[in-house]
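The following exercises are meant for a reader who is meeting this structure for the first time. Please look at the sequence and the model before attempting them.

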Amino acid sequence: MSHHKPDQETEHAPGYGAPSGWSPKQARRIERTPETTAPIVYPADEDDASGLHIWDTWFLRTRDGSIATIDGWRVIFSLTAPADLLPGKRHDVATIRYFYSRDGQEWHCGGTVFEEGKAFGSRQWAGSALYDADGTVYCFYTAAGSREGPLSYHQRLAVGAGGSVETDETGLEILGPFDHQIMLEADGDRYETEAQSRGMIYTFRDPWFFEDPKTGATHLLFEANTPVPEDADCCNGDPTRQEFNGSIGLATSPTGDPTRWQFEGPLIDAVCVNQELERPHLIVRDGRYYLFISSHRHTFEPGLEGFDALYGFVGKSLRGPYRPLNDSGLVLTNPTAAPYQTYSWLAYPHREEILVSSFLNYYNLEGLGIDDVGNLPPEAQFERFGGTLAPTVRLTLDGDRTEVRGTLGHGHLPTPDEDLPPTLRERLRESDV
Ligand code: FRU
């Protein structure tokens with residue numbers, strides 16, 4: 001007698017286009033738990049005088065993934081837009097700016113990274129940044145739209161190569177000129193093109209530089225979609241469900257040159273589960289590969305209930321196969337009372353812990369959905385949007401389990417030698433004794 005396993009046979013066979021998938025069965029386990037839910041966030045006390053909204057943020061890192069420290073300074077890059085622009089419009093004008101800090105708490109704006117009009121795209125979306133051993137800076141970014149013509153959502157993976165860093169006692173400067181190149185465009189075979197896209201959102205973006213510590217190979221991760229043929233039998237043959245086809249793409253540089261890449265198949269796809277696996281990045285710990293993405297509630301296949309959250313997967317090698325952390329993939333989400341308070345999470349190791357930075361998104365929505373916000377009067381939209389770095393969240397990572405252990409201040413990204421204070425729970429435990 002054969003045992004019928006509907007989830008494996010007729011839904012998404014894990015690995016529709018990849019060795020690993022995020023199956024509907026796994027995603028159905030997503031639920032808020034104390035281990036995966038962040039506390040409610042309030043805006044920072046101090047007024048932000050920068051005149052900017054910031055959102056997606058990443059560190060300047062060395063080839064091995066460590067955060068670069070240059071004469072005591074560390075650097076973050078953020079997508080930015082003028083703070084007087086309606087928050088929902090910011091994606092159409094995003095500009096990459098850099099900020100530097102010695103103490104990891106006060107971040108000083110150094111200005112725009114690229115000279116006006118030189119980068120590809122009508123605006124630049126998220127990426128990553130490499131500080132190479134010879135001091136060269138490579139800024140990987142998403143070229144969104146094109147410089148000429150009307151606003152479009154075409155996306156290509158680009159790099160500005162050949163930057164450098166100068167420091168003195170008072171600060172740090174990133175200098176050009178950058179040599180801009182398009183590194184990769186969706187090939188329509190492993191990675192869906194805009195023309196092929198059947199879904200609500202097409203993605204080919206967020207290049208993330210990664211050197212594999214086991215093999216020494218040089219890679220690029222990115223957010224993409226898996227082309228699903230019209231007559232495919234996955235998702236029970238349901239074309240609507242097949243539109244949800246997010247993937248985590250992979251490319252390799254055979255020579256280690258950070259500007260030259262060859263496509264490989266995706267690491268994970270989420271066909272029948274989710275449309276957008278955003279800002280993929282990796283942490284390698286104890287020989288395990290932890291792969292993280294951000295995703296939204298509204299990009300889950302409508303039969304599934306997910307959240308705006310950080311999701312993660314673990315595997316024994318870069319190629320996986322990966323299985324979801326905490327059984328479902330959910331690692332860190334916002335509380336029920338403020339489901340959109342933060343987004344665009346970045347996980348990175350700090351000693352034994354994992355720290356997660358993100359930005360303050362929409363708060364005080366009082367039951368409004370994220371899609372309703374744009375219909376509020378402008379003032380009400382500004383009042384409810386952060387556009388600043390959120391409190392950093394501290395996680396414990398143990399095998400395939402994670403747990404929220406506490407938070408640090410807004411935009412507090414501790415220096416590598418910084419001892420973190422005992423968490424509230426640890427203090428309570430101590431006072432018990
Ligand atoms: C995540 C994201 C990225 C993209 C950027 C555009 O917050 O959607 O994937 O690069 O925002 O603003």
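The exercises below concern a predicted model, and each is followed by a worked solution.

**Exercise 1.** Determine how strand 11 is paired with strand 12, and whether strand 11 is largely enclosed or not.

*Solution.*
Step 1. Locate the two elements: strand 11 covers residues 205–211, and strand 12 covers residues 218–225.
Step 2. Examine the pairing. The two strands run antiparallel and are joined by five bridges. Within this pairing, Phe210 stands opposite His219 of strand 12.
Step 3. Examine the connection. Six residues lie between the strands, which form a hairpin. Gly216, in the turn, has a positive phi of about 75°.
Step 4. Consider burial, for which the cut-off is under 20% relative accessible area. Six of the seven residues of strand 11 are buried, so the strand is largely enclosed by the rest of the structure.

**Exercise 2.** Describe the surroundings of Thr402 and decide whether Thr402 is buried or exposed.

*Solution.*
Step 1. Place the residue: Thr402 belongs to strand 23, which spans residues 401–410.
Step 2. Apply the cut-off. Buried means under 20% relative accessible area; Thr402 has 6% relative accessibility and therefore counts as buried.
Step 3. List the contacts. Leaving aside residues up to four places away in sequence, Thr402 touches Glu35, Leu325, Asn326, Val331, Thr396 and Leu397.
Step 4. Look for a polar contact. The side chains of Thr402 and Asn326 are joined by one of 2.8 Å.

**Exercise 3.** Characterise the largest pocket and the second largest pocket by volume, lining and residue class.

*Solution.*
Step 1. Begin with the largest pocket, which holds about 830 Å³ of space. Its lining consists of 31 residues, and those nearest its centre are Arg90, His91, Glu276, Glu278 and His296.
Step 2. Identify contributing strands. Strands 2, 6, 11, 15 and 20 each supply at least two residues of this lining.
Step 3. Sort the lining of the largest pocket by class: 13 residues are nonpolar, eight polar and 10 charged.
Step 4. Turn to the second largest pocket, with about 620 Å³ of space. Of its 23 lining residues, Asp48, Gln105, Trp107, Thr388 and Leu389 are the closest to its centre.
Step 5. Strands 2, 3, 5 and 23 each give at least two residues to the lining of the second largest pocket. By class, this lining has nine nonpolar, 10 polar and four charged residues.

**Exercise 4.** Find where the cis peptide bonds before Pro177 and Pro321 lie, and compare the settings of Cys272 and Glu366, which have positive phi.

*Solution.*
Step 1. Recall the background: most residues other than glycine have a negative phi, and most peptide bonds are trans.
Step 2. Inspect the bonds. Gly176 and Pro177 are joined by a cis peptide bond with omega of about -5°; Pro177 lies in the loop between strand 9 and strand 10. The bond from Gly320 to Pro321 is also cis, with omega near 0°, and Pro321 is in the loop between strand 17 and strand 18.
Step 3. Inspect Cys272. Its phi is positive, about 75°, and Cys272 lies in the loop between strand 14 and strand 15. With a relative accessible area of 0%, Cys272 is buried.
Step 4. Inspect Glu366. Its phi is about 45°, and Glu366 lies in the loop between strand 21 and helix 4. The cut-off for exposed is over 50%; Glu366, with a relative accessible area of 70%, is therefore exposed.

Methods:
Residues are numbered from 1 along each chain as its sequence is written. This is a predicted model: local features need pLDDT of at least 70, side-chain atom pairs count only at pLDDT 80 or more; totals for chains, interfaces and linings use all residues. Side-chain values use heavy atoms; hydrogens and water are left out. Buried means under 20% relative accessible area, exposed over 50%, partly exposed in between (1.4 Å probe, protein chains only). Helices (H or I, at least four residues) and strands (E, at least two) are DSSP runs, numbered from the N terminus. Two strands pair if DSSP finds at least two bridges between them. A polar contact is a pair of N or O atoms within 3.5 Å; within protein, one must be able to donate a hydrogen and the other to accept it, and residues adjacent in sequence count only if both atoms are side-chain atoms. Contact means heavy atoms within 4.5 Å. On a 1 Å grid over the protein atoms alone, a cavity is a set of points where a 1.4 Å probe fits but cannot get out, and a pocket is an open set with protein on both sides within 12 Å along at least five of seven lines; lining residues have an atom within 4 Å of a point. Grid points are joined across faces, edges and corners, and a volume is the space filled by probe spheres set on the points. Ala, Val, Leu, Ile, Met, Phe, Trp, Tyr, Cys and Pro count as nonpolar, Asp, Glu, Lys and Arg as charged, and the others, Gly among them, as polar.
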